[in-house]
Amino acid sequence: MREVHWKLLQYIAGIGIFFLVGYHLIFSHFQSDEITEWSSVSDRAANAGWLTFYVLILIFGIYHVLHGIRGIILEFSLPPSAVKVLDWSIVLIGVAVFGYAVYIPINGFIG
Amino acid sequence: MEAANKGKAPLQNRLGIKGWAWAGRYKIERYLYTLHRLTGLGLAAYITIHMIANGFRLGGQGSWEDIMSIFGTSGFKVGEYLVMAAFIIHALNGGRLMLQHLGITLGKPKPPVYPYVDSLRRKRSLIWVMLALMAALAIYTLVAFVIGE
Amino acid sequence: MEKITFKVQRYNPDKDKKPYTQVFTIPFKHGMTVLDGLIYIKENVDNTLSFRSSCRMGICGSCGMLINNLPMLACHTPIEELKKDTITVKSLPNFPIVRDLVADLSSLFAKHKSIKPYMMPHDMAEAEKPTAEFLQEQLQLEEFVQFAYCVKCGLCMAACPTVATDKHFLGPQPLAQAYRYSADRRDCGAKERFHETDTPHGIWLCHLAGACSEACPKGVDPALALQLLKRAMISDSLRLRKKPAPPSVAQPQAEKKPKVAVPEFTIKRPGAKS
(Lines give C-alpha, C1' and ligand atoms only; values in the text may rest on other atoms or scores of the structure.)
Protein backbone atom coordinates (compact mmCIF):
# COMPACT_ATOMS: atom_id res chain seq x y z
CA MET A 1 0.00 0.00 0.00
CA ARG A 2 1.15 3.51 -0.73
CA GLU A 3 1.16 6.47 1.63
CA VAL A 4 -2.03 7.79 0.03
CA HIS A 5 -3.88 4.62 1.03
CA TRP A 6 -2.74 4.90 4.67
CA LYS A 7 -3.93 8.52 4.66
CA LEU A 8 -7.33 7.53 3.24
CA LEU A 9 -7.70 4.96 6.00
CA GLN A 10 -6.78 7.72 8.48
CA TYR A 11 -9.67 9.85 7.16
CA ILE A 12 -12.08 6.90 7.33
CA ALA A 13 -10.94 6.09 10.88
CA GLY A 14 -11.40 9.74 11.84
CA ILE A 15 -14.98 9.73 10.59
CA GLY A 16 -15.62 6.45 12.40
CA ILE A 17 -14.20 7.80 15.64
CA PHE A 18 -16.24 11.01 15.32
CA PHE A 19 -19.50 9.06 15.34
CA LEU A 20 -18.61 6.13 17.60
CA VAL A 21 -16.69 8.05 20.27
CA GLY A 22 -19.17 10.91 20.03
CA TYR A 23 -21.97 8.46 20.82
CA HIS A 24 -19.82 6.87 23.55
CA LEU A 25 -19.30 10.28 25.24
CA ILE A 26 -22.97 11.27 25.01
CA PHE A 27 -24.07 7.84 26.27
CA SER A 28 -21.58 8.06 29.16
CA HIS A 29 -22.98 11.45 30.17
CA PHE A 30 -26.63 10.47 30.24
CA GLN A 31 -25.83 7.35 32.27
CA SER A 32 -23.09 8.97 34.33
CA ASP A 33 -24.20 7.62 37.72
CA GLU A 34 -24.77 4.07 36.54
CA ILE A 35 -22.36 3.57 33.67
CA THR A 36 -19.43 2.66 35.91
CA GLU A 37 -21.50 0.42 38.20
CA TRP A 38 -20.40 -3.21 37.97
CA SER A 39 -23.92 -4.37 37.04
CA SER A 40 -24.10 -1.92 34.13
CA VAL A 41 -20.60 -2.91 32.98
CA SER A 42 -21.52 -6.61 33.14
CA ASP A 43 -24.76 -6.03 31.21
CA ARG A 44 -22.92 -4.24 28.40
CA ALA A 45 -20.17 -6.86 28.40
CA ALA A 46 -22.71 -9.60 27.72
CA ASN A 47 -24.26 -7.69 24.79
CA ALA A 48 -23.05 -8.59 21.26
CA GLY A 49 -23.97 -5.13 19.96
CA TRP A 50 -21.80 -3.40 22.56
CA LEU A 51 -18.98 -5.86 21.86
CA THR A 52 -19.08 -4.96 18.16
CA PHE A 53 -19.21 -1.25 19.08
CA TYR A 54 -16.10 -1.53 21.30
CA VAL A 55 -14.18 -3.58 18.75
CA LEU A 56 -14.90 -0.99 16.04
CA ILE A 57 -13.86 1.90 18.33
CA LEU A 58 -10.62 0.05 19.08
CA ILE A 59 -9.85 -0.61 15.40
CA PHE A 60 -10.53 2.98 14.31
CA GLY A 61 -8.99 4.56 17.41
CA ILE A 62 -5.77 2.55 17.53
CA TYR A 63 -5.19 3.03 13.78
CA HIS A 64 -5.86 6.77 13.92
CA VAL A 65 -3.63 7.33 16.97
CA LEU A 66 -0.73 5.24 15.66
CA HIS A 67 -0.87 6.77 12.18
CA GLY A 68 -0.82 10.23 13.76
CA ILE A 69 2.12 9.36 16.02
CA ARG A 70 3.95 7.85 13.01
CA GLY A 71 3.56 11.19 11.20
CA ILE A 72 4.95 13.09 14.19
CA ILE A 73 7.95 10.74 14.50
CA LEU A 74 8.64 11.07 10.75
CA GLU A 75 8.80 14.83 11.22
CA PHE A 76 11.93 14.46 13.34
CA SER A 77 14.03 14.03 10.19
CA LEU A 78 13.83 10.26 10.39
CA PRO A 79 16.17 9.00 7.67
CA PRO A 80 14.51 6.99 4.86
CA SER A 81 16.36 3.85 5.97
CA ALA A 82 14.70 3.98 9.41
CA VAL A 83 11.17 4.43 8.05
CA LYS A 84 10.67 0.69 7.52
CA VAL A 85 11.80 0.01 11.11
CA LEU A 86 9.34 2.64 12.35
CA ASP A 87 6.50 1.20 10.24
CA TRP A 88 7.01 -2.34 11.51
CA SER A 89 7.36 -1.13 15.11
CA ILE A 90 4.08 0.76 14.79
CA VAL A 91 2.38 -2.32 13.34
CA LEU A 92 3.67 -4.55 16.16
CA ILE A 93 2.66 -2.03 18.83
CA GLY A 94 -0.75 -1.66 17.21
CA VAL A 95 -1.35 -5.40 17.07
CA ALA A 96 -0.20 -5.83 20.69
CA VAL A 97 -2.35 -2.97 22.00
CA PHE A 98 -5.35 -4.13 19.98
CA GLY A 99 -4.86 -7.69 21.21
CA TYR A 100 -4.79 -6.58 24.84
CA ALA A 101 -7.63 -4.07 24.53
CA VAL A 102 -10.00 -6.34 22.58
CA TYR A 103 -9.41 -9.20 25.01
CA ILE A 104 -11.19 -7.23 27.75
CA PRO A 105 -14.65 -6.95 26.11
CA ILE A 106 -14.34 -10.44 24.58
CA ASN A 107 -13.52 -11.85 28.00
CA GLY A 108 -16.56 -10.07 29.42
CA PHE A 109 -18.75 -11.39 26.58
CA ILE A 110 -17.60 -14.99 26.90
CA GLY A 111 -17.18 -15.02 30.69
CA MET B 1 42.85 34.29 13.97
CA GLU B 2 41.69 30.74 14.50
CA ALA B 3 38.56 29.97 12.60
CA ALA B 4 35.92 28.97 15.13
CA ASN B 5 33.90 26.85 12.71
CA LYS B 6 36.47 25.97 10.07
CA GLY B 7 35.74 22.62 8.44
CA LYS B 8 32.45 22.25 10.33
CA ALA B 9 29.02 21.80 8.76
CA PRO B 10 27.21 25.09 8.08
CA LEU B 11 25.26 26.43 11.05
CA GLN B 12 21.83 24.84 10.99
CA ASN B 13 19.06 27.29 11.59
CA ARG B 14 16.03 25.05 11.98
CA LEU B 15 13.40 26.20 14.42
CA GLY B 16 12.83 22.65 15.69
CA ILE B 17 9.90 21.77 17.92
CA LYS B 18 9.45 25.38 19.00
CA GLY B 19 8.67 26.00 15.34
CA TRP B 20 5.51 23.97 15.89
CA ALA B 21 4.43 25.99 18.89
CA TRP B 22 5.38 29.56 17.95
CA ALA B 23 7.27 30.68 14.94
CA GLY B 24 6.28 34.27 14.25
CA ARG B 25 3.39 36.62 13.67
CA TYR B 26 1.13 34.16 11.87
CA LYS B 27 -2.63 34.00 11.77
CA ILE B 28 -4.98 31.66 13.60
CA GLU B 29 -4.82 28.74 11.15
CA ARG B 30 -1.13 28.25 11.96
CA TYR B 31 -1.93 27.89 15.64
CA LEU B 32 -4.94 25.66 15.01
CA TYR B 33 -2.31 23.26 13.62
CA THR B 34 -0.47 23.39 16.98
CA LEU B 35 -3.73 22.95 18.91
CA HIS B 36 -4.68 19.96 16.74
CA ARG B 37 -1.36 18.32 17.49
CA LEU B 38 -1.55 19.00 21.25
CA THR B 39 -5.12 17.73 21.56
CA GLY B 40 -4.22 14.66 19.50
CA LEU B 41 -1.32 13.79 21.76
CA GLY B 42 -3.46 14.47 24.84
CA LEU B 43 -6.19 12.17 23.56
CA ALA B 44 -3.62 9.49 22.72
CA ALA B 45 -2.33 9.63 26.30
CA TYR B 46 -5.90 9.50 27.66
CA ILE B 47 -6.81 6.51 25.48
CA THR B 48 -3.80 4.64 26.85
CA ILE B 49 -4.88 5.31 30.44
CA HIS B 50 -8.48 4.45 29.55
CA MET B 51 -7.47 1.06 28.11
CA ILE B 52 -5.32 0.27 31.15
CA ALA B 53 -8.19 1.27 33.48
CA ASN B 54 -10.62 -0.93 31.56
CA GLY B 55 -8.17 -3.79 32.03
CA PHE B 56 -9.06 -3.78 35.74
CA ARG B 57 -12.35 -5.35 34.70
CA LEU B 58 -10.49 -8.59 34.24
CA GLY B 59 -9.77 -8.63 37.99
CA GLY B 60 -13.46 -8.80 38.86
CA GLN B 61 -15.87 -6.50 40.70
CA GLY B 62 -13.56 -5.63 43.58
CA SER B 63 -10.67 -4.52 41.40
CA TRP B 64 -13.05 -2.59 39.12
CA GLU B 65 -14.68 -0.70 41.95
CA ASP B 66 -11.28 0.17 43.46
CA ILE B 67 -10.10 1.84 40.24
CA MET B 68 -13.47 3.59 39.74
CA SER B 69 -13.28 5.09 43.24
CA ILE B 70 -9.94 6.74 42.27
CA PHE B 71 -11.39 8.13 39.04
CA GLY B 72 -14.41 9.53 40.84
CA THR B 73 -12.39 12.27 42.58
CA SER B 74 -12.76 15.93 41.54
CA GLY B 75 -9.27 16.13 40.03
CA PHE B 76 -10.18 13.41 37.56
CA LYS B 77 -13.50 15.13 36.81
CA VAL B 78 -11.55 18.17 35.61
CA GLY B 79 -9.32 15.83 33.61
CA GLU B 80 -12.40 14.21 32.06
CA TYR B 81 -13.69 17.62 31.02
CA LEU B 82 -10.34 18.45 29.42
CA VAL B 83 -10.57 15.18 27.49
CA MET B 84 -14.07 16.18 26.30
CA ALA B 85 -12.81 19.60 25.25
CA ALA B 86 -9.80 18.07 23.49
CA PHE B 87 -12.12 15.67 21.63
CA ILE B 88 -14.40 18.52 20.55
CA ILE B 89 -11.46 20.61 19.28
CA HIS B 90 -9.70 17.69 17.57
CA ALA B 91 -12.89 16.34 15.99
CA LEU B 92 -14.18 19.64 14.62
CA ASN B 93 -10.78 20.85 13.44
CA GLY B 94 -10.11 17.39 11.99
CA GLY B 95 -13.36 17.56 10.05
CA ARG B 96 -12.39 20.97 8.67
CA LEU B 97 -8.92 19.67 7.77
CA MET B 98 -10.34 16.64 6.02
CA LEU B 99 -12.62 18.81 3.86
CA GLN B 100 -9.79 21.22 3.02
CA HIS B 101 -7.27 18.43 2.35
CA LEU B 102 -9.68 17.25 -0.34
CA GLY B 103 -9.74 20.78 -1.74
CA ILE B 104 -13.36 21.23 -0.67
CA THR B 105 -14.22 24.71 0.73
CA LEU B 106 -10.94 26.19 -0.54
CA GLY B 107 -12.22 27.53 -3.82
CA LYS B 108 -10.47 27.45 -7.19
CA PRO B 109 -7.07 28.83 -8.09
CA LYS B 110 -7.20 32.24 -9.69
CA PRO B 111 -4.48 34.57 -10.98
CA PRO B 112 -3.12 36.57 -8.03
CA VAL B 113 -4.07 40.23 -7.86
CA TYR B 114 -2.44 42.48 -5.23
CA PRO B 115 -3.31 42.74 -2.30
CA TYR B 116 -3.10 38.95 -2.23
CA VAL B 117 -5.64 37.00 -0.19
CA ASP B 118 -4.99 33.27 -0.08
CA SER B 119 -7.66 30.58 -0.10
CA LEU B 120 -7.55 29.92 3.66
CA ARG B 121 -8.18 33.60 4.40
CA ARG B 122 -10.84 33.92 1.64
CA LYS B 123 -12.80 31.12 3.27
CA ARG B 124 -12.30 32.45 6.80
CA SER B 125 -15.98 32.16 7.66
CA LEU B 126 -15.61 28.37 7.89
CA ILE B 127 -12.95 28.80 10.57
CA TRP B 128 -15.12 31.26 12.56
CA VAL B 129 -18.12 28.91 12.38
CA MET B 130 -15.95 26.03 13.55
CA LEU B 131 -14.47 28.08 16.42
CA ALA B 132 -17.94 29.23 17.48
CA LEU B 133 -19.16 25.63 17.47
CA MET B 134 -16.10 24.57 19.49
CA ALA B 135 -16.73 27.29 22.06
CA ALA B 136 -20.45 26.49 22.29
CA LEU B 137 -19.85 22.78 22.75
CA ALA B 138 -17.04 23.38 25.26
CA ILE B 139 -19.28 25.63 27.36
CA TYR B 140 -22.23 23.25 27.09
CA THR B 141 -20.14 20.26 28.18
CA LEU B 142 -18.62 22.29 31.03
CA VAL B 143 -22.11 23.06 32.33
CA ALA B 144 -23.62 19.64 31.60
CA PHE B 145 -20.70 17.40 32.55
CA VAL B 146 -18.93 19.24 35.34
CA ILE B 147 -21.00 22.03 36.92
CA GLY B 148 -24.24 20.10 36.60
CA GLU B 149 -22.82 16.99 38.33
CA MET C 1 10.25 59.40 12.62
CA GLU C 2 13.69 60.58 11.60
CA LYS C 3 15.73 57.61 12.69
CA ILE C 4 15.10 53.89 12.53
CA THR C 5 16.84 51.15 14.53
CA PHE C 6 17.92 47.94 12.85
CA LYS C 7 18.74 44.88 14.97
CA VAL C 8 20.58 42.71 12.50
CA GLN C 9 21.71 39.14 12.98
CA ARG C 10 25.45 38.82 12.40
CA TYR C 11 27.37 35.61 11.93
CA ASN C 12 30.79 34.98 10.45
CA PRO C 13 31.50 31.22 10.40
CA ASP C 14 35.26 31.91 10.46
CA LYS C 15 35.08 33.97 13.64
CA ASP C 16 31.81 33.37 15.51
CA LYS C 17 30.58 30.25 17.27
CA LYS C 18 26.95 31.38 17.06
CA PRO C 19 24.96 34.30 15.64
CA TYR C 20 24.66 37.55 17.60
CA THR C 21 22.70 40.76 17.13
CA GLN C 22 24.22 44.07 16.10
CA VAL C 23 22.25 47.30 16.45
CA PHE C 24 22.37 50.09 13.89
CA THR C 25 20.50 53.40 13.94
CA ILE C 26 20.16 55.03 10.56
CA PRO C 27 18.30 57.99 9.07
CA PHE C 28 14.82 57.20 7.85
CA LYS C 29 13.23 58.51 4.67
CA HIS C 30 9.61 58.13 3.64
CA GLY C 31 9.19 55.15 1.30
CA MET C 32 12.32 53.39 2.53
CA THR C 33 12.26 49.59 2.38
CA VAL C 34 14.12 47.20 4.67
CA LEU C 35 16.54 46.51 1.79
CA ASP C 36 17.22 50.26 1.47
CA GLY C 37 18.09 50.28 5.15
CA LEU C 38 20.47 47.31 4.80
CA ILE C 39 22.14 48.88 1.76
CA TYR C 40 22.57 52.14 3.73
CA ILE C 41 24.18 50.20 6.60
CA LYS C 42 26.51 48.42 4.20
CA GLU C 43 27.51 51.58 2.35
CA ASN C 44 27.83 53.96 5.30
CA VAL C 45 28.18 52.10 8.58
CA ASP C 46 29.52 48.55 8.27
CA ASN C 47 30.59 47.26 4.90
CA THR C 48 31.09 43.72 6.26
CA LEU C 49 27.33 43.18 6.49
CA SER C 50 26.38 40.39 4.05
CA PHE C 51 23.00 39.87 2.46
CA ARG C 52 21.56 38.86 -0.91
CA SER C 53 19.63 41.19 -3.16
CA SER C 54 19.27 41.69 -6.89
CA CYS C 55 16.22 43.11 -8.61
CA ARG C 56 14.99 45.23 -5.61
CA MET C 57 11.47 44.96 -7.01
CA GLY C 58 10.12 41.67 -5.64
CA ILE C 59 10.64 39.49 -8.70
CA CYS C 60 13.93 37.63 -8.20
CA GLY C 61 13.30 36.28 -4.69
CA SER C 62 16.93 36.82 -3.54
CA CYS C 63 16.35 39.01 -0.48
CA GLY C 64 14.21 36.68 1.62
CA MET C 65 14.80 37.32 5.34
CA LEU C 66 13.04 37.03 8.70
CA ILE C 67 11.84 40.59 9.32
CA ASN C 68 10.11 41.24 12.65
CA ASN C 69 9.47 37.50 13.02
CA LEU C 70 7.86 36.97 9.62
CA PRO C 71 9.61 35.77 6.46
CA MET C 72 9.49 38.59 3.92
CA LEU C 73 11.31 39.97 0.91
CA ALA C 74 13.39 42.89 2.18
CA CYS C 75 12.93 44.87 -1.05
CA HIS C 76 9.16 44.41 -0.91
CA THR C 77 8.74 45.54 2.72
CA PRO C 78 8.35 49.28 3.31
CA ILE C 79 9.54 50.15 6.82
CA GLU C 80 6.44 52.27 7.46
CA GLU C 81 4.19 49.24 6.91
CA LEU C 82 5.87 47.44 9.80
CA LYS C 83 4.71 50.24 12.13
CA LYS C 84 7.68 49.76 14.48
CA ASP C 85 10.67 51.92 15.43
CA THR C 86 12.90 48.84 15.60
CA ILE C 87 13.32 46.42 12.74
CA THR C 88 14.70 42.98 13.61
CA VAL C 89 16.30 41.25 10.63
CA LYS C 90 17.52 37.66 10.73
CA SER C 91 18.46 35.02 8.22
CA LEU C 92 15.62 32.85 6.90
CA PRO C 93 14.86 30.07 9.41
CA ASN C 94 14.97 26.39 8.38
CA PHE C 95 17.96 27.04 6.10
CA PRO C 96 21.62 26.86 7.14
CA ILE C 97 23.30 30.26 7.55
CA VAL C 98 26.20 30.96 5.19
CA ARG C 99 26.98 34.36 6.74
CA ASP C 100 24.99 37.17 8.40
CA LEU C 101 21.69 37.29 6.49
CA VAL C 102 22.69 34.92 3.70
CA ALA C 103 20.94 31.53 3.86
CA ASP C 104 22.01 28.38 2.04
CA LEU C 105 19.09 27.57 -0.28
CA SER C 106 20.69 24.56 -1.98
CA SER C 107 18.32 22.13 -0.20
CA LEU C 108 15.35 24.04 -1.64
CA PHE C 109 16.74 23.79 -5.18
CA ALA C 110 17.58 20.09 -4.78
CA LYS C 111 14.04 19.30 -3.59
CA HIS C 112 12.59 21.45 -6.38
CA LYS C 113 14.64 19.50 -8.92
CA SER C 114 13.48 16.17 -7.50
CA ILE C 115 9.83 16.77 -8.47
CA LYS C 116 10.75 17.20 -12.15
CA PRO C 117 9.78 20.88 -12.57
CA TYR C 118 9.62 20.85 -16.34
CA MET C 119 7.07 20.12 -18.98
CA MET C 120 6.76 16.49 -20.08
CA PRO C 121 4.59 16.92 -23.16
CA HIS C 122 2.49 14.18 -24.73
CA ASP C 123 3.87 14.87 -28.19
CA MET C 124 7.66 14.79 -27.83
CA ALA C 125 8.25 15.22 -31.56
CA GLU C 126 6.22 18.44 -31.54
CA ALA C 127 7.93 19.61 -28.35
CA GLU C 128 11.43 19.12 -29.78
CA LYS C 129 10.65 20.54 -33.22
CA PRO C 130 7.67 22.81 -32.66
CA THR C 131 5.53 23.79 -35.59
CA ALA C 132 3.01 25.89 -33.62
CA GLU C 133 1.84 26.55 -30.06
CA PHE C 134 -0.13 24.04 -27.99
CA LEU C 135 -3.72 25.24 -27.68
CA GLN C 136 -4.91 25.96 -24.14
CA GLU C 137 -8.17 27.62 -23.11
CA GLN C 138 -8.28 30.44 -20.56
CA LEU C 139 -10.07 28.24 -17.99
CA GLN C 140 -7.46 25.51 -18.42
CA LEU C 141 -4.70 28.08 -17.87
CA GLU C 142 -6.37 29.36 -14.72
CA GLU C 143 -6.21 25.87 -13.18
CA PHE C 144 -2.49 26.29 -12.60
CA VAL C 145 -1.21 29.75 -13.59
CA GLN C 146 -1.43 31.10 -10.02
CA PHE C 147 1.23 28.57 -8.97
CA ALA C 148 3.48 29.52 -11.88
CA TYR C 149 4.18 32.90 -10.25
CA CYS C 150 6.59 31.27 -7.79
CA VAL C 151 9.98 33.05 -7.61
CA LYS C 152 11.70 30.36 -5.47
CA CYS C 153 12.42 32.81 -2.66
CA GLY C 154 12.11 30.15 0.08
CA LEU C 155 9.84 32.19 2.35
CA CYS C 156 7.22 29.42 2.38
CA MET C 157 9.84 26.88 3.46
CA ALA C 158 10.91 29.23 6.27
CA ALA C 159 7.31 29.50 7.46
CA CYS C 160 6.41 25.79 7.29
CA PRO C 161 6.27 24.07 10.73
CA THR C 162 7.04 20.66 9.19
CA VAL C 163 10.19 21.96 7.48
CA ALA C 164 11.19 23.31 10.92
CA THR C 165 11.81 19.76 12.19
CA ASP C 166 12.01 17.54 9.12
CA LYS C 167 14.91 18.16 6.75
CA HIS C 168 13.66 15.40 4.40
CA PHE C 169 10.18 16.92 3.94
CA LEU C 170 9.84 18.23 0.38
CA GLY C 171 8.20 21.45 1.53
CA PRO C 172 5.55 23.79 0.16
CA GLN C 173 7.52 25.19 -2.79
CA PRO C 174 8.47 21.88 -4.50
CA LEU C 175 5.06 20.38 -3.79
CA ALA C 176 3.26 23.43 -5.17
CA GLN C 177 5.38 23.23 -8.29
CA ALA C 178 4.65 19.51 -8.59
CA TYR C 179 0.97 20.47 -8.74
CA ARG C 180 1.63 23.36 -11.15
CA TYR C 181 3.10 20.98 -13.74
CA SER C 182 0.71 18.11 -13.04
CA ALA C 183 -2.34 20.37 -13.51
CA ASP C 184 -1.01 21.77 -16.80
CA ARG C 185 -2.82 19.97 -19.61
CA ARG C 186 0.22 20.25 -21.83
CA ASP C 187 2.02 17.91 -19.40
CA CYS C 188 1.64 14.15 -19.00
CA GLY C 189 4.12 13.58 -16.14
CA ALA C 190 1.64 13.66 -13.25
CA LYS C 191 2.08 9.99 -12.34
CA GLU C 192 5.87 10.34 -12.24
CA ARG C 193 5.54 13.33 -9.91
CA PHE C 194 2.99 11.53 -7.73
CA HIS C 195 5.63 8.83 -7.28
CA GLU C 196 7.98 11.51 -5.87
CA THR C 197 5.40 13.19 -3.65
CA ASP C 198 3.69 10.03 -2.33
CA THR C 199 6.51 9.15 0.06
CA PRO C 200 6.84 9.09 3.89
CA HIS C 201 8.40 12.60 3.73
CA GLY C 202 6.14 13.78 0.93
CA ILE C 203 2.83 15.59 0.66
CA TRP C 204 1.16 13.79 3.59
CA LEU C 205 3.28 15.56 6.21
CA CYS C 206 1.49 18.78 5.27
CA HIS C 207 -1.13 19.50 7.93
CA LEU C 208 -2.48 22.74 6.45
CA ALA C 209 -0.98 25.21 8.91
CA GLY C 210 -1.33 27.77 6.10
CA ALA C 211 1.79 29.69 7.09
CA CYS C 212 3.32 29.14 3.65
CA SER C 213 0.51 31.02 1.93
CA GLU C 214 0.70 33.78 4.53
CA ALA C 215 4.42 34.25 3.88
CA CYS C 216 4.32 34.04 0.07
CA PRO C 217 5.10 37.49 -1.40
CA LYS C 218 3.71 36.69 -4.88
CA GLY C 219 0.22 35.43 -3.99
CA VAL C 220 1.08 31.89 -5.16
CA ASP C 221 -0.95 30.30 -2.31
CA PRO C 222 1.13 27.10 -2.01
CA ALA C 223 -1.26 25.73 0.62
CA LEU C 224 -4.03 25.60 -2.00
CA ALA C 225 -1.71 23.87 -4.46
CA LEU C 226 -0.79 21.23 -1.87
CA GLN C 227 -4.42 20.45 -1.01
CA LEU C 228 -5.32 20.24 -4.71
CA LEU C 229 -2.33 17.91 -5.17
CA LYS C 230 -3.65 15.72 -2.34
CA ARG C 231 -7.04 15.61 -4.02
CA ALA C 232 -5.47 14.68 -7.35
CA MET C 233 -3.39 11.93 -5.71
CA ILE C 234 -6.36 10.50 -3.82
CA SER C 235 -8.58 10.46 -6.90
CA ASP C 236 -5.73 8.92 -8.90
CA SER C 237 -5.25 6.17 -6.28
CA LEU C 238 -8.99 5.41 -6.35
CA ARG C 239 -8.86 5.43 -10.18
CA LEU C 240 -11.36 8.30 -10.20
CA ARG C 241 -9.03 10.82 -11.80
CA LYS C 242 -10.05 11.68 -15.33
CA LYS C 243 -7.04 12.05 -17.57
CA PRO C 244 -7.52 15.30 -19.42
CA ALA C 245 -7.30 15.10 -23.20
CA PRO C 246 -3.87 16.18 -24.50
CA PRO C 247 -3.95 19.64 -26.06
CA SER C 248 -3.87 19.98 -29.79
CA VAL C 249 -1.41 22.04 -31.74
CA ALA C 250 -2.63 25.25 -33.36
CA GLN C 251 -3.43 24.62 -37.01
CA PRO C 252 -1.98 26.89 -39.72
CA GLN C 253 -4.46 29.49 -40.92
CA ALA C 254 -6.63 28.19 -43.79
CA GLU C 255 -6.83 31.60 -45.48
CA LYS C 256 -3.80 33.81 -45.54
CA LYS C 257 -4.49 37.49 -45.20
CA PRO C 258 -3.60 39.43 -48.38
CA LYS C 259 -0.31 41.27 -48.21
CA VAL C 260 -0.84 45.00 -47.81
CA ALA C 261 1.32 46.98 -50.21
CA VAL C 262 3.65 49.56 -48.72
CA PRO C 263 2.19 53.05 -49.42
CA GLU C 264 4.21 55.55 -51.44
CA PHE C 265 6.28 58.13 -49.56
CA THR C 266 4.47 61.46 -49.30
CA ILE C 267 7.70 63.37 -48.81
CA LYS C 268 10.17 63.05 -51.62
CA ARG C 269 13.66 62.16 -50.37
CA PRO C 270 16.52 63.93 -52.10
CA GLY C 271 17.96 61.71 -54.78
CA ALA C 272 15.00 59.28 -54.69
CA LYS C 273 13.53 58.21 -58.00
CA SER C 274 9.99 59.45 -58.51
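**Chain C and its contacts**

Chain C splits into two domains, domain 1 (3-103) and domain 2 (106-237). The model is a predicted one, and everything below should be read with that in mind. The C-alpha centres of domain 1 of chain C and domain 2 of chain C sit 29 Å apart. Where the two meet, domain 1 of chain C puts in 15 residues and domain 2 of chain C puts in 12 residues. On the domain 1 side of this contact, β3 and β4 of chain C each supply at least two residues, and β4(C) has the largest share, with 4 residues. Sorted by class, that side of domain 1 of chain C comes out at 10 nonpolar and 5 polar residues, with no charged residues.

Next, the sheet. Chain C has an open sheet of 5 strands, laid out in the order β2-β1-β5-β3-β4, and its pairing is mixed. The edges are held by β2 and β4 (70-73) of chain C, each of which pairs on one side only. On average, and ignoring direction, neighbouring strands in this sheet are turned by 35° against each other.

Both kinds of pairing can be followed from β1(C). Strand β1 (residues 3-10) of chain C runs antiparallel to strand β2 (residues 20-27) of chain C, and 8 bridges join the two. For anyone tracing this pair on screen, C:Lys3 has C:Pro27 as its bridge partner in β2(C), while C:Val8 is partnered by C:Gln22. With strand β5 (residues 86-90) of chain C, β1(C) pairs in the parallel sense, over 4 bridges. Here C:Thr5 finds its bridge partner in C:Thr86 of β5(C). Helix α1 (residues 34-45) of chain C lies across β1, β2, β3 (64-67) and β5 of chain C, and it runs at about 95° to β2(C).

Now for the helix packing around α8(C). Helix α8 (residues 172-182) of chain C packs with helix α11 (residues 222-237) of chain C at an angle of about 60°, the axes being 8 Å apart. An angle of that sort falls outside the roughly parallel range (under 35 degrees) and the roughly perpendicular one (65 to 115), so α8(C) and α11(C) are oblique to each other. Their crossing is left-handed. The α8(C) side of the contact consists of C:Pro172, C:Gln173, C:Leu175, C:Ala176, C:Ala178, C:Tyr179, C:Arg180 and C:Ser182, and these meet C:Pro222, C:Ala225, C:Leu226, C:Leu228, C:Leu229 and C:Ala232 in α11(C). The tally for the contact of α8(C) with α11(C) is 11 nonpolar, 2 polar and 1 charged.

Helix α8(C) also meets helix α3 (residues 106-114) of chain C, with axes that come within 9 Å and cross at roughly 25°. With the cut-off for roughly parallel set at under 35 degrees, α3(C) and α8(C) are therefore roughly parallel to each other. The crossing of α3(C) past α8(C) is right-handed. From α3(C), the contact draws on C:Leu108, C:Lys111, C:His112 and C:Ser114, and from α8(C) on C:Gln173, C:Pro174 and C:Gln177. By class, the residues of the contact of α3(C) with α8(C) are 2 nonpolar, 4 polar and 1 charged. C:Gln173 turns up in the contact with α11(C) and in the one with α3(C).

Chain C also touches its partner chains. In the contact with chain B, 44 residues of chain C meet 38 residues of chain B. On the chain C side, the elements that give two or more residues are β6 (97-99), α7 (161-165), α10 (211-215) and α11 of chain C. Of these, α11(C) gives the most, with 7 residues. That side of chain C is made up of 22 nonpolar, 10 polar and 12 charged residues. Helix α11(C) thus has a part in the contact with chain B as well as packing with α8(C).

The contact between chains A and C involves 13 residues from chain A and 15 residues from chain C. On the chain A side, two or more residues each come from α1 (3-30), α3 (48-74) and α4 (80-110) of chain A. The largest share there, 5 residues, belongs to α1(A). By class, the side of chain A that touches chain C has 6 nonpolar, 3 polar and 4 charged residues.

Notes:
Residues numbered from 1 in each chain as written. Chains lettered and ligands numbered in written order. Predicted model: local features only at pLDDT ≥ 70, side-chain atom pairs only at ≥ 80, totals over all residues. Contact = placed C-beta atoms within 7 Å. Nonpolar A, V, L, I, M, F, W, Y, C, P; charged D, E, K, R; others polar. Axes fitted to C-alpha atoms, helices over the stretch in contact; angles between N-to-C directions. Parallel < 35°, antiparallel > 145°, perpendicular 65-115°, else oblique. Left-handed = near helix turned anticlockwise from the far one by under 90°. Pairing = 2+ DSSP bridges. Domains from an automatic or database assignment.
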